[in-house]
Structures are given as C-alpha cells and as structure tokens.
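Here are a few notes to help you find your way around, written for a first visit. Keep the viewer open as you read and stop at each point to have a look.

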Amino acid sequence: MSEKPTWNETLHNGFGQYFSVDQPLYRDKTDHQDLVIFENAAFGRIMALDGVVQTTERDEFIYHEMMAHVPILAHGAAKSVLIIGGGDGGMLREVTRHPGVESITMVEIDAGVVSFCQQYLPNHSAGAYADPRFTLVIDDGVNFVTQTQQKFDVIISDCTDPIGPGESLFTSEFYAGCKNALHPGGIFVAQNGVCFLQQDEAVTSHRKLSHYFSDVSFYQAAVPTYYGGIMTFAWASDNPALRELDLPTLTSRFAAAGLRCRYYNPAIHLGSFALPQYLLDALAPAAE
Ligand code: AG3
C-alpha cells in the first residue's frame with residue numbers, strides 16, 4: 001500500500017490532527033519561523049508555522065470574517081484599523097471590504113510570510129495589498145504599539161499561539177501598548193486559541209487585559225482546522241454596550257457596509273458573545 005506523506009500538528013500534547021501532503025509547495029525556515037505551505041485534498045492550501053496550522057484555503061473565511069467584521073461593525077464608525085500579524089493577507093482582505101474604513105495599517109514581524117503567502121496563497125489577500133488605504137510595516141508588534149503616536153479605532157491581533165515570536169503578543173506590555181494606541185471608544189480583539197484545550201491562555205489574557213480595559217470578554221467561532229472545539233477571540237474595550245448591540249442595529253450596519261459573507265451575519269455576531277459555562281466559571285475568579 002502506498003501512503004502519502006502526512007504533516008502532523010504538534011500544538012497539543014498527546015492529541016492532534018494530521019493532513020496528507022498531496023503536494024508540497026514550500027518549506028523553509030525564515031529568520032523567525034519554520035514555514036510550510038502544502039496542498040491537501042480536504043482543505044486546499046495549508047500554511048503552518050512552527051508545527052501549528054495558521055490558515056487553510058477552505059476554512060479561513062470563518063476566522064477572518066469574525067475577527068474583522070465583529071469589531072468593525074460593533075464600533076459602528078471605525079475609520080482606522082490596525083492589524084498586528086496577519087501576514088497571509090486574509091485579515092487585510094476582510095478589513096478592506098468596509099467602505100467606511102479610511103486607513104489600514106498592518107504590522108507583521110516576518111516579511112517572509114507576507115511574500116510567500118502572496119505567492120502561494122494569493123486568494124487570501126485577493127489583491128488587498130494594492131488598496132490605497134493600506135500601509136505595511138515590517139516590525140515587531142509590541143515595538144510598534146508602544147512607540148507609535150498614531151491612534152486606531154480597531155486593533156486586530158491576528159497572532160500565532162503564545163509560542164515562539166508570537167508570545168510577545170500575549171504580554172501586558174503589548175496590551176498596554178494597544179490600549180494606548182486606541183482612540184476613546186476603540187476595540188481590541190485577539191486570537192486566543194481553542195478554549196477547551198487552551199483554557200489557561202484565555203484566563204491569562206483575560207486577567208492581563210483587565211488591567212488596561214474596563215470591559216474584557218471573549219467571543220467565539222468554530223474553525224475546523226483550529227482543532228479541538230470553539231476558538232475564542234479576546235475582546236477588550238471600555239464600553240460594555242459595544243458587545244451588547246441589538247440585532248436591528250447590527251443588521252442595519254451590516255446592510256450599510258454592503259457586505260456579503262460566508263460565515264458572518266448579524267445573528268452569528270450576536271450569538272458569538274455567548275460563552276460556555278466552563279469558560280465563564282474559569283474566568284470568574286480572574287475578574288474579581
Ligand atoms: N493565526 C491563528 C492560528 C492559531 C491556531 N491556534 C490554534 N489552533 N490553537 C491565524 C493566522 C490567520 N491569518
């Protein structure tokens with residue numbers, strides 16, 4: 001029997017997922033990370049960094065739509081958006097779909113990820129790098145948010161897990177910088193892993209963010225290749241009303257933006273703030 005080579009994810013101890021490598025496309029160590037891109041029959045092109053799936057052609061829309069449209073539509077008048085990480089271009093693509101957004105800055109530490117993904121995952125950025133509202137900065141995210149004089153309405157931390165270079169994007173220093181780089185009324189969101197398997201990360205992020213923001217919570221979506229159940233996205237602002245908008249308000253903002261999505265809709269937005277009881281219980285002591 002001939003077996004296809006497989007790629008195994010190494011994120012969780014004693015448990016994980018594998019993909020057949022139907023066609024290897026790229027493998028290299030960049031200055032910062034070990035990057036692979038390959039073709040898989042079930043999920044299309046897959047990009048992984050340091051043994052962890054970052055994005056796949058088939059299910060990336062769920063993650064990118066939820067991290068872009070939930071905060072931007074909740075804000076209601078976002079003009080400036082900062083993406084931290086996001087080197088595959090998928091987040092940028094979704095942010096550019098908002099006609100009301102006037103400037104988009106993306107701060108990616110690894111220029112290699114940006115160029116390899118433009119070459120091998122062109123449908124992620126889908127031309128968004130040419131948007132006249134866009135500025136690319138190759139820099140460390142912590143460095144950028146602590147140094148910049150600019151202010152943003154929405155900050156999206158499209159980071160890796162807190163392993164390797166991405167670890168700095170889960171520190172108090174980074175969260176303080178983000179708070180400082182937000183306009184009043186601004187919203188910060190961040191990828192926070194799958195809470196069933198990475199509950200400690202959610203608890204830690206919640207505790208750290210609560211030092212800088214008066215309203216800290218999570219919202220969620222199930223992304224199949226972020227294996228192990230729902231992914232939680234950290235949510236931080238100073239206004240609890242921003243995550244309690246009603247359906248008519250969200251529906252009219254969604255219509256005004258002229259978006260057509262494959263995962264996001266106003267009812268999904270509303271429901272995504274409902275969290276499982278085990279997570280709420282784990283967060284409760286941290287909130288005291
Ligand atoms: N970065 C988030 C990948 C997180 C995977 N983590 C996990 N399975 N726990 C995605 C980059 C997409 N733009």
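1. Let us begin with Glu60, which counts as buried at 7% relative accessibility. Please keep in mind throughout that this is a predicted model. The side chain of Glu60 meets that of Arg93 in a salt bridge, with 2.9 Å from N to O. Glu60 belongs to helix α1 and Arg93 to helix α2 (residues 90-96), so this pair ties together parts that lie 33 residues apart in sequence. Arg93 is also buried, at 13% relative accessibility.

2. Stay with Arg93 for a moment, since Glu94 forms a salt bridge with it as well, the closest N and O atoms being 3.0 Å apart. Glu94 has a relative accessible area of 3%, so it counts as buried, the cut-off being under 20%. Through shared partners, salt bridges link Glu60, Arg93, Glu94 and Arg97 in one network. As general background, side chains of opposite charge can pair when their charged atoms come close.

3. How many salt bridges does a search of the whole structure find? The count is nine. One of them has a mixed setting: Arg27 pairs with Asp34, and their closest N and O atoms are 3.1 Å apart. Arg27 is exposed, with a relative accessible area of 57%, whereas Asp34 is buried at 16%.

4. Next, the ligand. It is surrounded by 13 residues, and the closest are His64, Asp88, Asp158, Asp161 and Gln198. Three side chains are worth clicking on here. In Asp161, a side-chain N or O atom is 2.7 Å from a nitrogen atom of the ligand. For His64 the corresponding distance to a ligand nitrogen is 2.8 Å, and for Gln198 it is 2.9 Å.

5. Now for the enclosed spaces. Rolling a probe the size of a water molecule over the atoms shows where empty space is left. Two cavities of 30 Å³ or more turn up in a search of the whole structure. The largest has a volume of about 450 Å³. Its lining is made up of 39 residues, and those closest to the centre are Leu49, Gln54, Asp158, Cys159 and Thr160. Asp158 may look familiar, as it is also among the residues closest to the ligand.

6. Which elements give two or more residues to the lining of the largest cavity? They are β5, β6, α1, β7 (80-85), β8 (103-108) and β11 (182-194). The largest share, four residues, comes from β6. By class, this lining divides into 17 nonpolar, 16 polar and six charged residues.

7. The second largest cavity has a volume of about 80 Å³. Ten residues line it, with Leu49, Asp50, Val52, Thr160 and Ile163 closest to the centre. Leu49 and Thr160 were also named among the residues closest to the centre of the largest cavity. The lining of the second largest cavity consists of four nonpolar, four polar and two charged residues.

8. Asp50 deserves a look at its backbone too. Although Asp50 is not a glycine, its phi is positive, at about 50 degrees. You will find Asp50 in the loop between β5 (44-49) and β6 (52-56). Its relative accessible area is 37%, so Asp50 counts as partly exposed.

9. A second backbone angle to inspect is that of Ala126, another residue that is not a glycine yet has a positive phi, here about 45 degrees. Ala126 sits in the loop between α4 (122-125) and β9 (134-138). Is Ala126 buried or exposed? At 53% relative accessibility, Ala126 counts as exposed.

10. Finally, turn to the largest pocket, which holds about 170 Å³ of space. It is lined by 13 residues, and Ile72, Gly76, Ala78, His98 and Gly100 lie nearest its centre. Helices α1 (60-75) and α8 (247-257) each supply at least two lining residues, and α8 provides the largest share, with three. Eight of the lining residues are nonpolar, three are polar and two are charged. Helix α1 is a handy landmark to finish on: it also contributes to the lining of the largest cavity, and it contains Glu60, where these notes began.

Conventions:
Residues numbered from 1 in each chain as written. Predicted model: local features only at pLDDT ≥ 70, side-chain atom pairs only at ≥ 80, totals over all residues. Heavy atoms only, no water. 1 Å grid on protein atoms, 1.4 Å probe; cavity = no way out; pocket = protein on both sides within 12 Å on 5 of 7 lines; lining within 4 Å. Points joined across faces, edges and corners; volume = space filled by probe spheres on them. Nonpolar A, V, L, I, M, F, W, Y, C, P; charged D, E, K, R; others polar. Salt bridge = Lys/Arg side-chain N within 4 Å of Asp/Glu carboxyl O. Buried < 20%, exposed > 50% of the residue type's maximum accessible area, 1.4 Å probe, protein only. Near = heavy atom within 4 Å. Polar contact = N/O pair within 3.5 Å; in protein donor to acceptor, adjacent residues only side chain to side chain.
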